[in-house]
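Visitor: I am new to this structure and would like a close look at a single part of it. Could you take the charged side chains as the theme, and show me how they sit among the strands, helices and cores?

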Amino acid sequence: MERTDRTAGEGERVPGDAPGRLSGVEGAVAALRAGELLIMPTETVYGLAADAGNPDSVAKIFEAKGRPRFNPLISHVADAVAAERIAVFDDAARRLAAAFWPGPLTIVAPCRDMTVVSDLARAGLDSIAVRVPGHARARAVLDAFGGPVVAPSANRSGRPSPTTFADAMEETGSFASAALDGGPCAVGVESTVVSVLDGRVALLRPGSVTREEIEALVGPLDGAGEGHRSPGRLTRHYAPVSPVRLEAGEAGAGEILLGFGPGVGVERWSLSPSGDLREAAANLFRLLREADREGPAAIAVAPIPATGLGEAINDRLERAAGFVG
Ligand code: TXA
Ligand code: MG
């Protein structure tokens, strides 16, 4: 397929678009309907999207990413009403949806209808992960498409998630027949994943909706997700090629130090010079990728506070370093 590197800023782009060919949201929806893959921006990270109800399209995602088939995908929908068509929500799930949607929260709940979202997308589970993204372009696609859209992060399996259009195109763009440029992702780490099953709420993946915010709404969380942990939490994940060294005070020989806070490392490589967790999350995967391209002896990372959004940042860093089982 012919491809151009033309970017249209906030605009639209269909790789290889020719006169008369649809582009933008319309082209994106046409690609989904045709069973093709779409690079879709969200507020968290870029996704590689497909029609959730089309098993052949869903299979293309697993092939493009090199993703193990036991790892289920998130179904993205336009609103909470659409979510409840495919998932069974109890009171806690409804409260979470009302508080955080549209936004960076994914809810795992019992699957209502095993026929709507393909079995492969759910990895055969009787639960389903649903999310209503907050990004305007993703919402426009979901509104126009009208059905659930599965979209894992657009990276190849085990690599850092793409947070810019260019990074998404570099990772899996060659597998997509349409791509929407939505600018840099505002959040920068993947959505928080909570399960709401059998009356218990558990945190399966920390994200920018924090543990504290969730507990304020639904009470104490169930034992850190043990018992129904997310199948996708592989040991070495979000990993650059270079080794990653955590809790670093300074850069060693040949290392690049990703700093955090005033006076830690050089500004060029700082996650947040002022020590702001939101800024650090938004910069995290982009800086890991950029540092990786320099081929350092290691990517050293300054200590990041463990509370609030820091839980998600440390989670991704520990996985990048290969520490979490
Ligand atoms: O921010 C995000 O969530 C991004 C954007 C594109 O929306 N998507 C994303 O998808 O991060 P992915 O596939 O990279 O991560 C989905 C996570 C995986 O850890 C997967 O195992 C988990 O959600 N998951 C999906 N369905 C599940 C289920 N039924 N039970 C438990 N975990 C589930
Ligand atoms: Mg992912």
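Guide: Let me begin with a term: two strands are said to pair if DSSP finds at least two bridges between them. Please also keep in mind that this is a predicted model.

With that term in hand, look at arginine 245, whose bridge partner in S14 is alanine 300. The two strands involved, S11 and S14 (residues 299-301), pair in the parallel sense over 2 bridges. They belong to an open sheet of 4 strands, ordered S11-S14-S12-S13, with parallel pairing. Strand S11 (244-245) and strand S13 (270-272) each have a single partner strand, so they stand at the edges and one side of each is left without a neighbour in the sheet.

Another arginine takes us to a hairpin. Arginine 200, in S10, stands opposite leucine 197. Strand S9 (residues 192-197) runs antiparallel to S10, and 5 bridges join them. The hairpin that S9 and S10 form has 2 residues between the strands, and aspartate 198 in the turn has a positive phi of about 50°. Strand S10 (residues 200-205) is mostly covered, with 5 of its 6 residues buried.

Now to aspartate 51, which makes a good stop on our tour. Aspartate 51 is found in strand S3, made up of residues 47-51. What is the nearest side chain of opposite charge to this buried aspartate? That side chain is arginine 33, 7.0 Å away, and aspartate 51 has no salt bridge. A salt bridge needs a side-chain nitrogen of Lys or Arg within 4 Å of a carboxyl oxygen of Asp or Glu, so a separation of 7.0 Å does not qualify. The side chain of aspartate 51 does reach the backbone nitrogen of glycine 53, at 2.9 Å. Leaving aside residues up to four places away in sequence, aspartate 51 touches Leu32, Ser57, Val58, Phe145 and Pro148.

Elsewhere, opposite charges do meet: the model has 18 salt bridges. One of them joins arginine 95 to aspartate 91, with N and O 2.9 Å apart. Both residues lie in helix H4 (residues 91-100), 4 residues apart, which is about one turn of the helix. Arginine 95 is partly exposed, at 37% relative accessibility.

In another salt bridge, arginine 122 meets aspartate 119 at 3.2 Å, N to O. Arginine 122 counts as buried because its relative accessible area is 2%, while aspartate 119 is partly exposed at 49%. A further pair is arginine 69 and glutamate 63, whose closest N and O atoms are 3.9 Å apart. Here arginine 69 is partly exposed, with a relative accessible area of 44%, and glutamate 63 is exposed at 53%. Salt bridges can also link up into a network, as they do among Arg159, Asp167, Glu170, Glu171, Arg289 and Arg293.

Let us finish with the nonpolar side chains. The largest nonpolar core has 50 residues, and Ile39, Phe89, Leu96 and Ile107 are those with the most contacts inside it. Apart from that core lies another, of 28 residues, including Leu258, Trp269, Ile299 and Ala312.

Conventions:
Residues are numbered from 1 along each chain as its sequence is written. Chains are lettered from A and ligands numbered from 1 in the order in which they are written. This is a predicted model: local features need pLDDT of at least 70, side-chain atom pairs count only at pLDDT 80 or more; totals for chains, interfaces and linings use all residues. Side-chain values use heavy atoms; hydrogens and water are left out. Buried means under 20% relative accessible area, exposed over 50%, partly exposed in between (1.4 Å probe, protein chains only). Lys and Arg count as positive and Asp and Glu as negative; His and the chain ends are not counted. A polar contact is a pair of N or O atoms within 3.5 Å; within protein, one must be able to donate a hydrogen and the other to accept it, and residues adjacent in sequence count only if both atoms are side-chain atoms. Contact means heavy atoms within 4.5 Å. A nonpolar core is a set of buried Ala, Val, Leu, Ile, Met, Phe, Trp, Tyr and Cys residues joined through side-chain atoms within 4.5 Å.
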